[in-house]
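Welcome to a short set of exercises. Have the viewer open beside you, try each task on your own, and then follow the worked solution.

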Amino acid sequence: MCGIVGYIGSKRATDILVGGLKRLEYRGYDSAGLAILHEGELKLRKVLGKLRVMEQSVEEEPIEGTVGIGHTRWATHGRPSVRNAHPHTDSSGRIALVHNGIIENYVELKTELQAEGVEFVSDTDTEVIAHLVGKYYKGDIAAAVREACARLEGAYAIAVVCRDEPDRLVAARLFSPLIVGLGDGENFIGSDIPAILDRTRDVYILDDGDMAILTREGIELCRVTGEPVRHEVYHVDWDAGAAEKGGYKHFMLKEINEQPTAFRNAMRGRIREGSSEIELPELSLTDEQLLGFRRGFVTACGTAYYAGLVGKFLLENLARLPVDSDLASEYRYRNPIIHKDQLTITVSQSGETADTLAALRMAREQGSHTLSIVNAVGSSIARDSDDVLYINAGPEIGVASTKAYSCQSLVLAMFALHMAKVRKTISKERYAQLVDELKQLPDKAQRILDDVSRIQEASAKYGQYNNFLYLGRGANLPSAYEGALKLKEISYIHAEGYAAGEMKHGPIALIEPACPTVAPAVRGAVYEKIVSNLQEVRARDGQIIAVAFEGDTDIERHADFVLRVPECDELLSPILVALPLQLFAYYCADARGCDVDQPRNLAKSVTVE
Ligand code: M6R
C-alpha cells in the first residue's frame, strides 16, 4: 500500500516525481524516496515522514537529472525508517527499484540471495527484488526485470532504473495498480491517474502480468514473459483540478461538498432528463439472469461495506432478493457456501482493497456472477468482475470515504430499482416515485450543505466528549455504523455503531451524560421504535443528537439536539443522512486539530490484508 511514480524526459525529474507523489500520498505517508539518474550516477534521497519533508529536502539540496523513480510508503515489512524507505538498490548500487505490494516468498528468496553472499540493508520484502534484478543483470535491464519477476510470488507494481542504461525506465505489475502516461518527448508511470494528470491525459492502464519499457521517445508494452501486448490509450476527461483541494481546508470537506455534483454524475446517462426510467446499459446481466438469481451476497470492507448494507436493504425491500452480507476479510477465509445462482456484489472506492478483491475472485471462481460497485476506473476489482457499475464520484483523496459512500449507496439504489422492475416486484407508481426521489437527491444534498451552522454548533457542543454511541434501525442501521466509523477514524473519539434494538442487550450500560448518543430518526417504518429507544437513553441521563426530517417537530421532545435533512423516502434517506454525520465528524476532528485527510495509522487504499 504505497505509491510509485516514474519519469523519463527532459525536465527536472524531482519536480515531476515529488508532485506526483504528493497526489499519491493518500496511499501511504510514513516515508518517501527518490532515485535519479544523472551524468552516470544514481542519486538516492530518502526521508522519514510525509512528503513535505521530501519537498523541503529537494528544495534545500536539489537533485539534477531527467530520469527517475519515486515512492511514498506505508509500512508492511519493516517499520517506517529511512533504512526501509524505497527506492532499494542492488549490491552493485547501479539498480534502483520502487515497489507497491507484498512479496510472499521473500524469506526464501532472501535466504537464497544471502547464501550467494548478498548483504541486505533493510527489513523490507522489496529489497529482494532489487537484488534479484541485480543478480540477473547482464546489460539489459528489461531482461533482468523479466527474470526477477518470474521468481516473485505475491503482489507488485515496480519501477526500475539502472545507472548503466540512463535512457530507459522499466515498470511491471501483478495484483497492484500501475498506469503509464504518454507525453511528448517524455513518459510517466504512476500508481494511479491523478499522480500524472497535470502532465498528460493519455494513459495506458496495465493489466496483471504486464510490463512497460519507457524511453523519452516511446513506450514498449509487453507481458513480463516477453510477448508483446497492445492496450488502447485511455483519454482522461476529468479535470486535474478535481484532484486538488479547490479552496477547502481539507480534501474531506471538499469531497463532502462535492456530493450534489457527484450524485448527478452517478445518475448521468442512467436516468435521463425528463425520463422516469433507470437505464444501466453497461450491465451485461440479462433480464433472464436477473430473474434467475435466488440470492444475493454483499461483501466489502469499511465504509464500502456499510454502503453494501444499504444496498442489501434496498435489494431485499425492492427486488425481494434475499441478500446476505459479510466483511470481505471474514468471507474469504470462512469457506462459505457459494451458490451458482448467487449474485455477489462487491463495493469499493479504490477498487484495489486486497480483501475485497480476494473475496470477489473466490466468488467468481466458484461460479457466482460478480457485480462490483467501484469508483476507480480500470482498477483491479472493476476489471476482475463480470459486471461493474462505476459510481463516477471522481477522485476521493481524503482517507475518510465520504462522497464514495453516498454514491455507492445511490448506485446500489438504482440497481435495486432496475432489478425490482425486471423481477416485477415493484408497482409502476412506486418505481416512478422512487426514481423521481432519486432525481431530487442532488438538490436536497445541496440544501444540507448550504447551511451547516447547526452541525458546527453540535460539534462545538459535544465534540469534547470521548465516547459516543451511534444507534440506528432499519434502512438507517448502516448510517449508524458509518457515522461511528467516520467519527472514530478522523477525530480518534471512540464511537460505537449499534442496532438500536440491541441496546437493551448490553450497550445501554454505557449510557451516561458524558457518552452522547447520535441517532438517525427519520419518519418511516421504524420511527416509533427508534423514538422509544431514544426515550430509554433519556431516562438514563444520556444526551441525544437526532438526525431527523425537516418539519418533524415531534422529535424535539425526544432529543437534546436535532440535525435536519430534507424529507425523502425512508429507503433513500441513508444517502442524505450521511452528510450531517460526515460533517459532524469533520468539525469535531478539525476542532481537535486532527490531521483530517491523513489520520494516524490509516491509508486510503488498503492493498494488503
Ligand atoms: O477503497 P475501498 O472502498 O475498498 O476501501 C474500503 C475501506 O478501506 C475504506 O472504506 C475505509 O474504511 C475508509 N477509511 C473509511 O472512511
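A residue belongs to the shell around the ligand here if one of its heavy atoms lies within 4 Å of the ligand, and the helices and strands that supply such residues are DSSP runs, numbered from the N terminus. Keep in mind that the model is predicted.

**Exercise 1. The ligand and its shell**

Task: Find which helix gives the largest share of the shell around the ligand, and how many residues come from it.

Solution:
- Step 1. Start with the shell itself: 14 residues surround the ligand. The closest are Ser348, Gln349, Ser350, Thr353 and Glu489.
- Step 2. Next, look at the helices. Both α9 (302-319) and α16 (477-491) supply at least two residues of the shell.
- Step 3. The largest share, three residues, comes from α9.
- Step 4. To place the ligand in the protein, check the pockets: the ligand sits in the second largest pocket.

**Exercise 2. Polar atoms around the ligand**

Task: Work out which polar atoms of Thr303, Gln349 and Ser350, backbone or side-chain, lie by an oxygen atom of the ligand, and how much of the ligand the protein buries.

Solution:
- Step 1. For Thr303, a polar backbone atom is 3.1 Å from an oxygen atom of the ligand.
- Step 2. For Gln349, the polar atom is again from the backbone, and an oxygen atom of the ligand is 2.6 Å from it.
- Step 3. For Ser350, turn to the side chain: one of its polar atoms lies 2.6 Å from a ligand oxygen.
- Step 4. Now the area. The ligand taken alone exposes 410 Å², and the protein buries 91% of that.

**Exercise 3. Two residues, buried or exposed?**

Task: Decide whether Glu489 and Thr344 are buried or exposed, and find a partner in space for each.

Solution:
- Step 1. Glu489 lies in helix α16.
- Step 2. The relative accessible area of Glu489 is 13%, so this residue is buried, the cut-off being under 20%.
- Step 3. Pro599 is 110 residues from Glu489 in sequence, yet the C-alpha atoms of the two are 6.8 Å apart in space.
- Step 4. Thr344 is in strand β17 (residues 342-348). Its relative accessibility is 0%, so Thr344 counts as buried.
- Step 5. The side chain of Thr344 makes a polar contact with the side chain of Ser368, at 2.6 Å.

**Exercise 4. Counting disulfides**

Task: How many disulfides does the model have, and how far from Cys568 and Cys588 is the nearest cysteine sulfur?

Solution:
- Step 1. Recall the chemistry: a disulfide is a covalent bond between the sulfur atoms of two cysteines. The cut-off for the pair of sulfur atoms is 2.5 Å.
- Step 2. By this rule the count is zero.
- Step 3. For Cys568, the nearest cysteine sulfur belongs to Cys407 and is 15 Å away, and Cys568 is in no disulfide.
- Step 4. For Cys588, the nearest cysteine sulfur is that of Cys594, 9.6 Å away, and Cys588 is in no disulfide either.
- Step 5. As for accessibility, Cys568 is buried with a relative accessible area of 8%, and Cys588 counts as buried at 1%.

**Exercise 5. Backbone angles**

Task: Find where Pro87, Arg320 and Asn601 are placed, and what is notable in the backbone at each.

Solution:
- Step 1. Begin with the general rule: most residues other than glycine have a negative phi, and most peptide bonds are trans.
- Step 2. The peptide bond from His86 to Pro87 is cis, with omega near -5°. Pro87 is found in the loop between β4 (67-73) and β5 (88-89).
- Step 3. Arg320 is not a glycine but has a positive phi of about 50°. This residue is in the loop between α9 and β16 (323-327), and Arg320 is exposed, with a relative accessible area of 54%.
- Step 4. Asn601 is not a glycine but has a positive phi of about 70°. Asn601 lies in the segment after α18 (573-591) and counts as exposed at 67% relative accessibility.

Key
Residues are numbered from 1 along each chain as its sequence is written. This is a predicted model: local features need pLDDT of at least 70, side-chain atom pairs count only at pLDDT 80 or more; totals for chains, interfaces and linings use all residues. Side-chain values use heavy atoms; hydrogens and water are left out. Buried means under 20% relative accessible area, exposed over 50%, partly exposed in between (1.4 Å probe, protein chains only). A polar contact is a pair of N or O atoms within 3.5 Å; within protein, one must be able to donate a hydrogen and the other to accept it, and residues adjacent in sequence count only if both atoms are side-chain atoms. Accessible areas come from the Shrake-Rupley method with a 1.4 Å probe; for residues, only the protein chains shown count as cover. On a 1 Å grid over the protein atoms alone, a cavity is a set of points where a 1.4 Å probe fits but cannot get out, and a pocket is an open set with protein on both sides within 12 Å along at least five of seven lines; lining residues have an atom within 4 Å of a point. A molecule sits in a cavity or pocket if more than half of its atoms lie within 2 Å of its grid points. Helices (H or I, at least four residues) and strands (E, at least two) are DSSP runs, numbered from the N terminus.
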